[in-house]
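Thanks, everyone. I have one structure today, and I will go from the overall dimensions to the strands.

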Amino acid sequence: MKFDGVTWVWLDLDDTLIDFKVNSRAALRILHDECALHRFIPSVDEWVETYESHNHSLWDRYSRQEITQEFLRVDRFFTPLHKGWTGTDEELVKFSWELDTIYLERLAQQKTLIPGAIRLLDYLRERNYYIGVLSNGFTSVQHAKLTNTGLAPKIDLLVLSDDIGVNKPDTRIYRHAMERAADLEPSHHLMIGDNLSTDIRGALDSGWHAIHLDRSTSGSARWADTHLVTPDLTSIPGILE
């Protein structure tokens with residue numbers, strides 16, 4: 001068993017435990033209605049598609065530490081709305097910050113989980129694994145998500161990029177997680193995440209074990225050269241047995 005010796009199981013939060021895509025789309029639709037965004041983008045579907053495309057690009061740049069969190073949080077609204085905006089750029093920046101606050105509040109209120117999330121956490125607890133969450137998300141929002149979805153009591157340790165100003169896949173955040181866990185032996189740590197370039201790359205570069213949750217695939221879990229790939233969370237308890 002390649003995971004022998006693991007005592008800490010770390011999970012990404014968004015799109016690994018919590019269904020970020022479903023919850024974000026719900027929050028964006030609420031935002032379109034509450035803030036009358038039809039004035040700038042009439043179709044709610046076009047609004048969601050435009051936002052998601054731009055936001056995805058920004059998060060890629062943020063993970064590479066090419067842009068700041070503040071720039072990401074403003075520009076993900078500023079750029080999609082700019083074409084239809086009739087005021088000044090300064091006014092749009094202010095409005096974008098207002099949208100960011102409302103969006104994050106509505107996002108944190110959504111409760112859809114990835115199938116198998118609760119069962120996996122319960123299994124890990126039953127088998128006496130320590131459970132950590134390791135995320136690049138924003139501190140206040142991630143805490144609210146864990147509370148509102150009922151996941152908080154099932155987690156032993158939450159480590160966020162905001163804690164040290166370093167994002168996955170930088171190995172410093174994995175080192176920080178080990179220090180927080182008071183276990184500096186990399187082979188004792190297993191990372192489960194949906195993002196190959198951040199979650200999995202960072203874990204492997206840090207000497208951790210890794211399971212890539214790739215929900216775009218089907219069939220049984222399979223071994224890649226350096227890590228396991230699984231199409232769903234429900235198969236992981238069987239893998240760890």
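Start with the overall size: for 241 residues, a compact globule would have a radius of gyration near 18 Å, and the protein comes out at 19 Å, so the two agree. Keep in mind that this is a predicted model. Along the principal axes, the C-alpha trace spans about 60 × 35 × 30 Å.

Next, burial and surface. Of the 241 residues, 50% are buried. The exposed area is about 11200 Å², with carbon and sulfur atoms supplying 49% of it. As for charge, there are 25 positive and 37 negative charges, and their mean positions lie 2 Å apart.

On contacts: if you take those between residues at least 6 apart in sequence, 63% join residues at least 24 apart.

Now the secondary structure, which amounts to ten helices and seven strands. How are the strands ordered in the sheet? The seven strands form an open sheet that reads S3-S2-S1-S4-S5-S7-S6, with mixed pairing. At the edges stand S3, residues 157-160, and S6, residues 222-223; each has a single partner strand, so one side of each has no neighbour in the sheet.

One pair in more detail. Strand S1, residues 8-11, runs parallel to strand S2, residues 130-135, and four bridges join them. Which residue of S2 is the bridge partner of Trp10? That is Gly132.

That is what I have on this model; I can go back to the sheet if anyone wants another look.

Key:
Residues are numbered from 1 along each chain as its sequence is written. This is a predicted model: local features need pLDDT of at least 70, side-chain atom pairs count only at pLDDT 80 or more; totals for chains, interfaces and linings use all residues. Side-chain values use heavy atoms; hydrogens and water are left out. Helices (H or I, at least four residues) and strands (E, at least two) are DSSP runs, numbered from the N terminus. The radius of gyration is taken over C-alpha atoms; the globule rule is 2.2 Å times the number of residues to the power 0.38. Buried means under 20% relative accessible area, exposed over 50%, partly exposed in between (1.4 Å probe, protein chains only). Contact means heavy atoms within 4.5 Å. Accessible areas come from the Shrake-Rupley method with a 1.4 Å probe; for residues, only the protein chains shown count as cover. Lys and Arg count as positive and Asp and Glu as negative; His and the chain ends are not counted. The place of a charge is taken as NZ of Lys, CZ of Arg, CG of Asp or CD of Glu. Two strands pair if DSSP finds at least two bridges between them.
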